[in-house]
Amino acid sequence: MDREAPTQVFLDACCQISSRLEPVGFRFAKSGPHASRRTGDWIFKISFQSNYLNVGGEYVELVVHASVHNKVIREWDERSGWPANASNWVAGGQLGNLRTPHHWQTWNIANPLTRQAEIANIVANIQTTVLPFFERFGAPRKLAEQLAHSEIPGFMFPQNSVRFVFWQLGSEAAENCMSYWVARLQSSDAFRSERDVPTLPNRLASGSDANNLARVARAMKIGLSL
């Protein structure tokens, strides 16, 4: 018997998963592929990823990512001088990283005999992990208040937390958030040495948390006394 094409197996599964999320407002788009829901200025997206190493009938990988977007934070980026490219992206990550402890979570949907059980398990995980993550943005100021003093899955790097808090609550709360993260660095000296050299670039880069927090401190004029 001919093996099923992995690409078609993957796309069919994405469509089935998305159809089970329609009652809570999600709509499937083959581009991506992804399912999304809009609530006011907020866009909640569930994206699906596979693997170029798939083998028909043996291994077809499916990974779920969730992300939150809002055009207003992009406008804030531009207006405030946030030291990175303005972006609608607010928070998110791979489903396993929206839990503590973080882990990379995948499903193998190759076997037609177990595929429906795998799809049901994926939907259950979305319902228990992704949807509650999205619901937190229904009260963004409350979320920012929590984020100013704690780590919340979905904000992948400290600067993501500081950005959200600054956008929602202003500079004082953002300073508290930065203080929380500086206290958890392996060495706060690396943060201070980067922060206190005004000739270094302010733009965020693929550096360490200490370096990027320091760049935020310089650009946004917060955390200068930490």
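## Strands β1 to β4

Strand β1 (residues 27-29) pairs with strand β2 (residues 34-39) in the antiparallel sense over 3 bridges, where helices (H or I, at least four residues) and strands (E, at least two) are DSSP runs numbered from the N terminus, and two strands pair if DSSP finds at least two bridges between them. Within this pair, phenylalanine 28 stands opposite alanine 35 of β2. The hairpin has 4 residues between the strands, and in it glycine 32 takes a positive phi near 120 degrees. The peptide bond that leads from glycine 32 to proline 33 is cis, with omega near -15 degrees, and proline 33 has its place in the loop between β1 and β2.

β2 also pairs with strand β3 (residues 42-49), in the antiparallel sense and over 6 bridges. Arginine 38 has isoleucine 43 in β3 as its bridge partner, while histidine 34 stands opposite serine 47 in β3. The hairpin of β2 and β3 has 2 residues between the strands, and glycine 40 in this hairpin takes a positive phi near 60 degrees. On to the next strand, β3 and β4 (residues 61-70) run antiparallel and are joined by 8 bridges, with serine 47 standing opposite histidine 65 in β4.

## Basis of the model

This is a predicted model, in which local features need pLDDT of at least 70 and side-chain atom pairs count only at pLDDT 80 or more, whereas totals for chains, interfaces and linings use all residues. Residues are numbered from 1 along each chain as its sequence is written, and side-chain values use heavy atoms, with hydrogens and water left out.

## The chain as a whole

The secondary structure of the protein chain comes to 8 helices and 6 strands, and from the N terminus on its elements run α-β-β-β-β-α-β-β-α-α-α-α-α-α. Along its principal axes the C-alpha trace spans about 70 × 35 × 25 Å. Of the 226 residues in the protein chain, 44% are buried, where buried means under 20% relative accessible area, exposed over 50% and partly exposed in between (1.4 Å probe, protein chains only). Among the contacts with a separation of 6 or more, 59% are accounted for by residues 24 or more positions apart, a contact being heavy atoms within 4.5 Å.

## Buried faces and the nonpolar core

Which side chains of β3 are buried, and which are not? The side chains alternate along the strand: Trp42, Phe44, Ile46 and Phe48 point to one face and are buried, while Ile43, Lys45, Ser47 and Gln49 point to the other and are not. Phe48 is also one of the residues in contact with serine 18, together with Phe26, Phe28 and Ala35, when neighbours within four places in sequence are left aside. Serine 18 is found in helix α1 (residues 6-19), and it is buried, with a relative accessible area of 1%.

The largest nonpolar core (a set of buried Ala, Val, Leu, Ile, Met, Phe, Trp, Tyr and Cys residues joined through side-chain atoms within 4.5 Å) has 64 residues, and those with the most contacts inside it are Leu62, Ile126, Phe134, Phe137 and Phe164. The largest share of this core, 8 residues, comes from helix α3 (residues 115-135). Leaving aside its neighbours within four places in sequence, phenylalanine 137 is in contact with Trp42, Phe44, Val68, Val90, Ala91, Leu143, Phe155 and Phe164.

## Helix packing

The axes of helix α2 (residues 71-80) and helix α5 (residues 158-169) come within 11 Å and cross at roughly 90 degrees, the axes being lines fitted to C-alpha atoms, for helices over the stretch in contact, with angles running from 0 to 180 degrees between N-to-C directions. The two helices, α2 and α5, are therefore roughly perpendicular to each other, a class that covers 65 to 115 degrees, whereas angles under 35 degrees count as roughly parallel, over 145 as roughly antiparallel and the rest as oblique. Val72, Ile73, Trp76 and Asp77 of α2 make the contact with Arg163, Phe166 and Trp167 of α5.

In helix α7 (residues 188-195), the buried residues are Phe191, Glu194 and Arg195. Seen down the axis of α7, these buried residues fall within an arc of 95 degrees, so they line one face of the helix, the arc being that of the directions from the helix axis to the C-beta atoms. What covers them includes α6 (171-182) and α8 (209-220).

## Further backbone features

A second cis peptide bond joins threonine 100 and proline 101, with omega about 0 degrees, and proline 101 lies in the loop between β5 (89-94) and β6 (107-108). Lysine 221, in the segment after α8, has a phi near 60 degrees, a positive value in a residue other than glycine. At 59% relative accessibility, lysine 221 counts as exposed.
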